[in-house]
Structure formats: C-alpha cells, structure tokens
Amino acid sequence: MLFVDNQNQHDPALNLALEEYLIRNISPTEELLLFYINEPSIIIGRHQNTVAEINVEYVREQGLHVVRRLSGGGAVYHDLGNLNFSFIAPNVGGSFANFQKFTAPVIQVLRELGVPAELSGRNDILADGRKISGNAQYVSGTRLVSHGTLLYNTSLDEIGKALRVKASKIESKGIKSVRSRVANIAEFLSEPVNILSFRTQILLGVFQQLGAPDGAVIPEYHLEPADWEAVNQLARERYRSWEWNYGSSPAFNLRRSVRYAGGEIEVYLVVQKGKLQSVRFIGDFFGQREVAELEERLVGCEYGPTALEERLTTLAINQYFTGFTLAELLSLLY
C-alpha cells in the first residue's frame with residue numbers, strides 16, 4: 001500500500017477530484033491510502049436529491065460547500081474536525097460491499113487509542129452505540145474506492161442545522177439520508193490531540209496493521225505537477241459545477257405554500273435534471289396579471305436561487321400577487 005499526501009488541501013471539490021483521479025489513473029495494481037480534511041461542506045450521495053437533503057437558507061448564509069460524490073449512501077456534513085480516509089484498491093475477491101475489509105485496520109487503531117469502536121450494520125463504525133464513522137464505496141473499471149468519515153472533533157450542532165430541510169413537501173425519487181446519533185472520537189480519548197496528530201496516529205497505525213514495523217518509513221506515491229493540473233481540471237469541470245452538484249439530482253415534485261397579508265399562495269413544482277419542467281400557482285391571492293405568465297417564465301429555469309432571481313428580477317411580482325415581493329417569492333420557490 002502507498003500513502004498519497006493531499007498537501008493539506010481543504011477544498012472538498014479538489015479532494016473528491018483527487019480521489020477520482022487516483023482510482024482512474026494511478027497505480028492500477030497497487031492499493032492507495034488517501035486522507036483529507038474538508039472545509040465546512042455537505043457531501044451528497046451519488047443518487048440523492050440535493051435540495052431534499054440540505055437546509056438551503058443555512059447553507060447559503062454560512063457559505064457551505066455542497067458537493068456530490070461518486071459513491072452512494074446518504075448526505076454527510078464535513079468540517080475541519082472531520083478526518084476522511086479513502087482506500088483505493090483492486091476490486092477483487094468480493095471487495096465491493098465488504099466494508100469490514102477496509103474498516104478493520106481503522107477500527108483496530110481506534111481501539112488501541114482507547115475508543116470502543118466496532119463495525120455496525122452494513123457500513124457504520126459506532127462507539128458506545130453512537131456513530132463516529134460512515135462509509136461508502138464505488139467502482140471504476142477494475143478498481144474501487146472505499147471511503148469513510150472519522151468524526152474527530154466536528155461541530156455536531158452544525159450537522160443538524162446544515163442537513164435540516166426547510167419544512168415543505170418533497171416527493172423525490174432520490175435516496176433519503178437516515179440520521180443517526182453521532183459522537184466525536186475525541187470524547188473517548190484520555191489525551192486528545194489536534195486533528196493532524198490524530199491523522200498521523202491513524203496513518204501509522206493502519207500501516208502497522210498491514211505489517212509495517214515500528215519506525216518504518218511510510219511508502220508514498222508522489223503526485224507530479226501534471227497530476228495536480230489534471231486534478232484541478234477535474235475539480236473545475238465536475239465537482240464545482242452546478243450541473244453535477246444540483247443538476248444530477250433525480251426528478252422530484254415539490255409543493256410549498258405561504259400565507260401573507262394578501263392571502264395564501266401554493267406552488268407546485270416539477271424538477272427534472274435540475275430544471276423546472278412545470279410550475280403551477282394556486283391560492284386565494286389577488287393580482288392584476290395572469291399568473292400563467294409567471295409560470296411560463298419559470299419553465300426551463302435552473303432550480304437554484306441565483307438562476308431563479310435572474311429569471312424573475314425584471315418582473316413586477318406584486319402585479320401577480322398583490323403585496324408580495326420578489327424576495328418573498330424566491331423564499332417560497334426555493
């Protein structure tokens with residue numbers, strides 16, 4: 001196994017791009033181990049509906065990254081107190097869906113540090129019944145990625161805030177996340193260290209579990225400038241793009257309503273490939289213009305706050321809904 005140093009990059013788009021680049025291009029017969037720590041972000045599962053998983057207003061206010069990964073499973077919150085590990089290996093001998101194979105050395109190191117860690121269910125690591133790690137996998141060609149989180153000293157309050165969806169009715173074909181009771185690994189340590197030192201403990205421990213003697217130099221795969229250039233290009237083209245992070249969401253129907261001084265407005269939306277396919281306003285509101293004009297204006301728009309505002313900013317919204325503002329309409333739609 002070779003360790004790949006991500007050069008302390010904290011951009012989730014870049015780190016996920018690095019992971020994909022490694023599985024597709026580097027050492028096809030060699031196992032690789034990658035660690036990364038992301039800035040505050042929400043990482044969406046491959047088959048999920050992004051809007052159904054995040055607290056849109058909170059994400060916007062806090063400037064959180066929202067990035068879709070290639071593996072399935074549920075949405076997770078990352079911050080600088082969360083250590084992510086990624087094993088990249090040949091997909092042989094029933095490795096796919098065998099989470100025990102890849103989590104076993106990590107669990108053993110945690111136990112040696114005093115954490116009562118154990119694999120639970122299909123893909124979670126628990127300590128005293130609380131989740132400290134979730135894991136997922138994906139395959140590319142003859143290789144697979146088995147990656148997971150290690151909640152070391154993350155802001156647990158932020159998890160609930162960032163992943164709490166605005167009250168509304170969403171009928172989505174995406175796979176919904178299952179929330180679990182979570183804990184920080186640092187809670188179980190008699191002498192907690194900073195997260196970089198914790199990363200070093202896990203790194204050395206994993207290689208020792210695989211047979212490396214104490215004090216041995218960890219073998220590394222060193223990325224060349226051309227590799228980093230390709231990783232940055234992949235981050236730009238996929239992991240920072242609206243089309244991937246939002247447009248790839250499965251089709252969904254959404255109903256929202258609001259009561260204001262001028263009456264009640266209810267809106268029904270159909271979203272496919274991240275764009276509005278159908279919009280219908282109903283309610284007991286008053287207006288000077290036909291709302292059908294507004295509905296037609298919105299069809300084909302990207303379903304995101306910036307695109308919606310650009311599509312509507314030149315319209316006199318109070319002519320469709322008396323006493324209603326553009327800001328209120330945007331809040332209703334998204």
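**Exercise 1. Which residues are linked with Glu 20 in a network of salt bridges?**

Solution. This is a predicted model, in which local features need pLDDT of at least 70 and side-chain atom pairs count only at pLDDT 80 or more, while totals for chains, interfaces and linings use all residues. Residues are numbered from 1 along each chain as its sequence is written, and side-chain values use heavy atoms, with hydrogens and water left out.

Step 1. Apply the criterion: a salt bridge is a side-chain nitrogen of Lys or Arg within 4 Å of a carboxyl oxygen of Asp or Glu. Nine salt bridges result from this rule.

Step 2. Take one pair. Glu 20 and Arg 238 form a salt bridge with an N to O distance of 3.0 Å. Glu 20 belongs to helix H1 (residues 12-25) and Arg 238 to helix H7 (residues 225-239), so this pair links distant parts of the chain, 218 residues apart.

Step 3. Complete the network. Glu 20 is linked with Arg 24 and Arg 238.

**Exercise 2. Classify Glu 20 and Arg 238 as buried, partly exposed or exposed.**

Solution. Step 1. State the cut-offs: buried means under 20% relative accessible area, exposed over 50%, and partly exposed in between (1.4 Å probe, protein chains only).

Step 2. Compare the values. Glu 20 has a relative accessible area of 2% and is therefore buried. Arg 238, at 21%, is partly exposed.

Step 3. Set this against the whole protein, where buried residues make up 51% of the 334 residues.

**Exercise 3. Which elements hold the residues of the salt bridge between Glu 266 and Arg 255?**

Solution. Step 1. Elements are DSSP runs numbered from the N terminus: helices (H or I) have at least four residues and strands (E) at least two. The protein has 11 helices and 14 strands.

Step 2. Check the distance: the closest N and O atoms of Glu 266 and Arg 255 are 3.4 Å apart.

Step 3. Locate the residues. Glu 266 lies in strand E13 (residues 263-272) and Arg 255 in strand E12 (residues 252-260), so the salt bridge ties together parts 11 residues apart in sequence.

Step 4. Add accessibility. Glu 266 counts as buried at 17%, whereas Arg 255 counts as partly exposed at 28%.

**Exercise 4. Describe the salt bridge between Arg 289 and Glu 293.**

Solution. Step 1. The closest N and O atoms of this pair are 3.0 Å apart.

Step 2. Arg 289 is partly exposed, with 38% relative accessibility; Glu 293 is also partly exposed, at 35%.

**Exercise 5. What is the geometry of the ring pair Tyr 239 and Trp 244?**

Solution. Step 1. Rings of Phe, Tyr and Trp (its six-membered ring) pair if their centres lie within 6.5 Å; planes under 30 degrees apart are stacked, over 60 edge-to-face, and the rest tilted. The whole structure holds 11 aromatic pairs.

Step 2. The ring centres of Tyr 239 and Trp 244 are 6.2 Å apart and the planes stand at 80°, so the pair is edge-to-face.

Step 3. Both residues are buried: Tyr 239 has a relative accessible area of 2% and Trp 244 one of 7%.

Step 4. Treat a second pair likewise. Phe 321 and Phe 324 have ring centres 5.9 Å apart and planes at 80°, so this pair is edge-to-face. Phe 321 and Phe 324 are buried.

Step 5. Extend to the cluster: ring pairs link Phe 321 and Phe 324 with Tyr 260, Phe 281 and Phe 285.
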